[in-house]
Every structure is written in C-alpha cells, then in structure tokens.
Amino acid sequence: MSKLVKVRLLFVDDGDYHHETVEIPAASIDAHERLIDCLREDDAVQKKVFVDVDRLVSAYLDD
C-alpha cells in the first residue's frame, strides 16, 4: 500500500476563504519539484481529488 500525505488547501470563493485537507500519494510529491505542480499535473493525484487551481490560494503539507 502506498503511503499517503495530508495536504492542506486554502481556497477563496467570492471573498470567502475555506480550508480543505486532502490525502495524496507521497510518491507523487517526491516526483515533482513544487507542490502546486504535483496538484496540477500528477495523474495519481488527479484521480483522487479535484483541485480548482483558479480558486486555490495556498497549499502546504499538513503534519
């Protein structure tokens, strides 16, 4: 079983901010230089979650 990593996402929608926490494969993060590239481009991540990058303000690893 592949290891999952929690990622905390901050979105803005019509001036309102909200957080969501998602789990993505750790191997996907290791395969990309930047977390945003992983969220936007990695097939394994896109199969697990949809990330609206137009509304995304920040993303960071959540311990």
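## Salt bridges, core and a buried aspartate

Asp52 and Arg55 are joined by a salt bridge between their side chains, at 3.0 Å from N to O. Keep in mind that we're looking at a predicted model, so every distance here is computed from predicted coordinates.

Staying with that pair for a moment, Asp52 counts as partly exposed because its relative accessibility is 22%. Arg55 is also partly exposed, with a relative accessible area of 24%. Arg55 has another partner too: its side chain meets that of Asp13 in a salt bridge of 3.6 Å, N to O. This second link reaches across the chain, as Arg55 lies in the loop between H3 and strand S3 (56-61), while Asp13 belongs to strand S1 and is 42 residues away in sequence. Asp13 is partly exposed, at 36% relative accessibility. Through their shared partners, Asp13, Asp52 and Arg55 end up in one salt-bridge network.

How many salt bridges does the structure hold? There are three. The one not yet mentioned pairs Asp37 with Arg34, and the closest N and O atoms there are 2.9 Å apart. The two ends of this bridge sit in different settings: Asp37 is buried, at 15% relative accessibility, whereas Arg34 is partly exposed, at 45%.

Here are the salt bridges side by side.

| Pair | N to O distance |
|---|---|
| Asp52 and Arg55 | 3.0 Å |
| Arg55 and Asp13 | 3.6 Å |
| Asp37 and Arg34 | 2.9 Å |

**The strands**

Strand S1, home of Asp13, has two strand partners. S1 pairs with S2 in the antiparallel sense over ten bridges. S1 also runs antiparallel to S3, and five bridges join those two. Arg8 is a handy residue for seeing both pairings in the viewer: its bridge partner in S2 is Thr21, and in S3 it stands opposite Tyr60.

S1 and S2 make a hairpin with two residues between them. Asp14 is in that turn, with a positive phi of about 55°, even though Asp14 is not a glycine. Is Asp14 buried or exposed? Asp14 is exposed, because its relative accessibility of 76% is over the 50% cut-off. Gly15 is found in this loop between S1 and S2 as well, and Gly15 counts as exposed at 53% relative accessibility.

**The nonpolar core**

Now for the inside. In soluble globular proteins, nonpolar side chains tend to be buried together. The largest nonpolar core here has 15 residues, and the members that touch the most others are Val7, Leu9, Ile24, Ile29, Leu39 and Val51. At least two core residues come from each of strand S1 (4-13), strand S2 (16-25), helix H1 (26-30) and helix H2 (35-41). S1 gives the largest share, with four residues.

Ile29 is a good place to start clicking around. Setting aside residues up to four places away in sequence, Ile29 touches Val5, Val7, Ile24, Leu35, Cys38 and Leu61.

**Asp42, buried without a salt bridge**

Asp42 is in the loop between H2 and helix H3 (43-48). Asp42 is buried but takes part in no salt bridge. Which side chain of opposite charge is nearest to Asp42? That would be Lys47, at 8.6 Å. For a salt bridge, the nitrogen would have to be within 4 Å of a carboxyl oxygen.

What Asp42 does have is a polar contact: its side chain meets the side chain of Ser28 at 2.9 Å. Leaving out neighbours within four places in sequence, Asp42 is in contact with Ser28, His32 and Asp37. Asp37 is the residue that forms the salt bridge with Arg34.

Over on the other side of this polar contact, Ser28 is in helix H1. Why does Ser28 count as buried? Because its relative accessible area is 4%, and buried means under 20%. With neighbours within four places in sequence left aside again, the contacts of Ser28 are Cys38, Asp42, Ala44 and Val45. Cys38 is a contact of Ile29 as well.

To get your bearings, go back to the hairpin turn: Gly15 and Asp42 are 27 residues apart in sequence, and their C-alpha atoms are 29 Å apart in space.

How values were computed: Residues are numbered from 1 along each chain as its sequence is written. This is a predicted model: local features need pLDDT of at least 70, side-chain atom pairs count only at pLDDT 80 or more; totals for chains, interfaces and linings use all residues. Side-chain values use heavy atoms; hydrogens and water are left out. A nonpolar core is a set of buried Ala, Val, Leu, Ile, Met, Phe, Trp, Tyr and Cys residues joined through side-chain atoms within 4.5 Å. Buried means under 20% relative accessible area, exposed over 50%, partly exposed in between (1.4 Å probe, protein chains only). Contact means heavy atoms within 4.5 Å. Lys and Arg count as positive and Asp and Glu as negative; His and the chain ends are not counted. A polar contact is a pair of N or O atoms within 3.5 Å; within protein, one must be able to donate a hydrogen and the other to accept it, and residues adjacent in sequence count only if both atoms are side-chain atoms. Two strands pair if DSSP finds at least two bridges between them.
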